[in-house]
Amino acid sequence: FDARLETAVQELERAWQRIGDPRLAARRAELLLALDRFDDARSGLDQALARGGAADSSDLRLAEGDWFRLNGQGDEAIARYRAGLASAQSDMLRADALGRLGRALQERGDLPAAREALAQAVALAPQNASLQGLQATAATEALRLQEAGQGFDAALALQADDYESLA
């Protein structure tokens with residue numbers, strides 16, 4: 001399994017070097033973060049952001065936000081998520097950015113702003129079980145238990161093995 005993940009990291013790197021699409025660099029950074037290779041992820045993000053035109057990439061800004069959030073730098077993460085949201089070109093990407101922003105705001109203790117961001121994310125992508133689960137988790141924290149229960153039920157109806165909703 002580890003060898004396949006390493007192969008995926010290497011293939012994303014080669015594709016990014018060959019094509020130059022910042023989305024590939026963002027996916028590689030996200031995979032490296034999932035593998036707890038934070039230094040490698042940061043290095044790849046820095047290289048991609050230094051490349052011409054990549055600084056405006058929503059995908060890179062969101063991946064960079066993840067790097068900051070996972071390194072305990074919530075304010076920097078929120079700034080990157082907002083930058084990614086501002087340059088997002090599709091509803092799917094806007095929903096993704098709002099979901100990440102909502103999670104970071106929730107972790108920082110700004111529950112009203114987190115719930116607003118997550119509500120907007122779910123409105124843009126109502127079939128996204130992960131976003132439904134995040135919204136239900138925020139509702140639970142806000143002690144809106146009936147709303148939370150409905151949200152978890154909706155998430156599980158969409159994806160019965162959604163780890164966020166099952167937790």
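Me: What makes arginine 42 count as lying over the face of tryptophan 67?

Reply: In this predicted model, arginine 42 is 4.8 Å from the ring centre of tryptophan 67. The rule asks for CZ of Arg within 6 Å of the centre and within 35 degrees of the ring normal, so the distance of 4.8 Å satisfies the first condition, and the placement over the face reflects the second.

Me: Which charged end sits over the ring of tryptophan 16?

Reply: That of arginine 51, at 4.1 Å from the ring centre. The limit is 6 Å, so this distance also qualifies.

Me: Why is the pair of tryptophan 67 and phenylalanine 68 called edge-to-face?

Reply: Their ring centres are 5.2 Å apart and their planes meet at 85°. Centres within 6.5 Å make a pair, and planes over 60 degrees apart count as edge-to-face; therefore both values meet the rule. The count by this rule is 1 aromatic pair. Tryptophan 67 and phenylalanine 68 are both buried, which means that each has under 20% relative accessible area.

Me: How do you know that the lining of the largest cavity has 3 nonpolar, 1 polar and 2 charged residues?

Reply: The lining consists of Glu13, Trp16, Ala25, Arg28, Gly44 and Leu45. Trp, Ala and Leu count as nonpolar, Glu and Arg as charged, and Gly as polar, so the classes follow from these names.

Me: Which helices each supply at least two residues of that lining?

Reply: Helix H1 (2–19), helix H2 (22–34) and helix H3 (38–50) do so. The cavity holds about 40 Å³ of space, and the search of the whole structure finds 1 cavity of 30 Å³ or more.

Note on methods: Residues are numbered from 1 along each chain as its sequence is written. This is a predicted model: local features need pLDDT of at least 70, side-chain atom pairs count only at pLDDT 80 or more; totals for chains, interfaces and linings use all residues. Side-chain values use heavy atoms; hydrogens and water are left out. On a 1 Å grid over the protein atoms alone, a cavity is a set of points where a 1.4 Å probe fits but cannot get out, and a pocket is an open set with protein on both sides within 12 Å along at least five of seven lines; lining residues have an atom within 4 Å of a point. Grid points are joined across faces, edges and corners, and a volume is the space filled by probe spheres set on the points. Helices (H or I, at least four residues) and strands (E, at least two) are DSSP runs, numbered from the N terminus. Rings of Phe, Tyr and Trp (its six-membered ring) pair if their centres lie within 6.5 Å; planes under 30 degrees apart count as stacked, over 60 as edge-to-face and the rest as tilted. Buried means under 20% relative accessible area, exposed over 50%, partly exposed in between (1.4 Å probe, protein chains only).
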